[in-house]
Amino acid sequence: MRSALLILGVSIMAGATTVSAQGTPASVTKGFAQVADWIQQSAESVPAEKYSFKPTEGIRTFAQLVGHIIDGYNYYCALAKGPVEWSDKAEKSAGTKAELMKQLAAAATACKNASGGKLDPQIENLGHSNLHYGNMIVYLRLMGIVPASSR
C-alpha cells in the first residue's frame with residue numbers, strides 16, 4: 001500500500017511538472033535562473049570598497065558570501081554529474097569584486113547549462129542559492145542598497 005501511494009504521488013508530481021531539454025523540471029531551471037540573476041545583479045550593485053563589509057564579527061564578509069555562493073554553484077552543479085568534494089576555494093580566496101564577479105558569472109552559466117542525470121543536487125543548489133540570497137539581502141539593506149528582487 002505504501003509503495004502504491006508513493007508511486008501515485010510521484011506520478012501526480014511528474015504529470016504536473018514540465019521537463020526541460022536537460023531533464024530538469026522547468027520550475028527548478030527557472031527558479032535557479034531567477035535567483036542566480038538576482039545574486040549577480042546584487043553583487044554587481046555593491047561598490048568594490050564595500051566587499052569587505054560584514055554586519056557583525058564572526059560572520060562572512062560580503063566578498064566571502066559571494067565566494068561561498070560560487071563554491072556552492074561549483075559543487076552542486078558538478079555533483080549533478082557525479083561524486084565531487086566541496087571546496088571553499090572561492091570563499092577563502094575572496095578576491096576583488098572584479099575577480100568574484102567573473103567567477104560568479106562563469107559558475108552561474110555553468111549551472112544554467114549543466115545537464116546531469118541527478119535532480120537532487122540541482123534542487124539542493126536552488127535551495128542553497130535562495131538561502132544565501134536571503135543573507136545577501138540583509139547585507140545589502142544594511143549597506144543602504146536595494147536588493148535586485150525588490151527593484
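Is Asn-125 buried or exposed? In this predicted model, Asn-125 is buried, with a relative accessible area of 2%. That value falls under the 20% cut-off for a buried residue. Asn-125 lies in helix H6, which spans residues 120-142. Beyond its neighbours within four places in sequence, Asn-125 is in contact with Phe-32, Gly-72, Tyr-73 and Tyr-76. Its contacts also include Cys-77 and Cys-111.

These two cysteines are bonded to each other. A disulfide joins Cys-77 to Cys-111, with an S to S distance of 1.9 Å. A search of the whole structure finds one disulfide. Cys-77 lies in helix H3 (residues 62-79) and Cys-111 in helix H5, so the pair ties together parts that are 34 residues apart in sequence. The torsion about the S-S bond is about 115 degrees, so the disulfide is right-handed. Both Cys-77 and Cys-111 are buried. A disulfide is a covalent bond between the sulfur atoms of two cysteines.

Cys-111 also takes part in a pocket lining. The second largest pocket holds about 160 Å³ of space. Its lining comprises 12 residues. Nearest the pocket centre lie Thr-29, Phe-32, Cys-111, Lys-112 and Gln-122. Two of these names, Phe-32 and Cys-111, recur among the contacts of Asn-125. Three helices each supply at least two lining residues: H2 (26-45), H5 (97-113) and H6 (120-142). The largest share, four residues, comes from H2. By residue class, the lining divides into six nonpolar, five polar and one charged.

The largest nonpolar core contains 32 residues. Those touching the most other members are Ile-39, Tyr-51, Phe-62, Val-66, Tyr-73, Leu-104 and Met-136. Helices H2, H3, H5 and H6 each supply at least two residues of this core. H3 gives the most, with eight residues. Tyr-73, named above as a contact of Asn-125, is one of the core residues with the most partners.

Met-136 shows how parts of the core meet. Leaving aside neighbours within four places in sequence, Met-136 is in contact with Ile-39, Ser-42 and Ala-43. The other contacts of Met-136 are Phe-62, Leu-65, Val-66 and Ile-69. Among these partners, Ile-39, Phe-62 and Val-66 belong, like Met-136, to the core residues that touch the most other members.

Methods. Residues are numbered from 1 along each chain as its sequence is written. This is a predicted model: local features need pLDDT of at least 70, side-chain atom pairs count only at pLDDT 80 or more; totals for chains, interfaces and linings use all residues. Side-chain values use heavy atoms; hydrogens and water are left out. On a 1 Å grid over the protein atoms alone, a cavity is a set of points where a 1.4 Å probe fits but cannot get out, and a pocket is an open set with protein on both sides within 12 Å along at least five of seven lines; lining residues have an atom within 4 Å of a point. Grid points are joined across faces, edges and corners, and a volume is the space filled by probe spheres set on the points. Ala, Val, Leu, Ile, Met, Phe, Trp, Tyr, Cys and Pro count as nonpolar, Asp, Glu, Lys and Arg as charged, and the others, Gly among them, as polar. A disulfide is a pair of cysteine sulfur atoms within 2.5 Å. Buried means under 20% relative accessible area, exposed over 50%, partly exposed in between (1.4 Å probe, protein chains only). A nonpolar core is a set of buried Ala, Val, Leu, Ile, Met, Phe, Trp, Tyr and Cys residues joined through side-chain atoms within 4.5 Å. Contact means heavy atoms within 4.5 Å.
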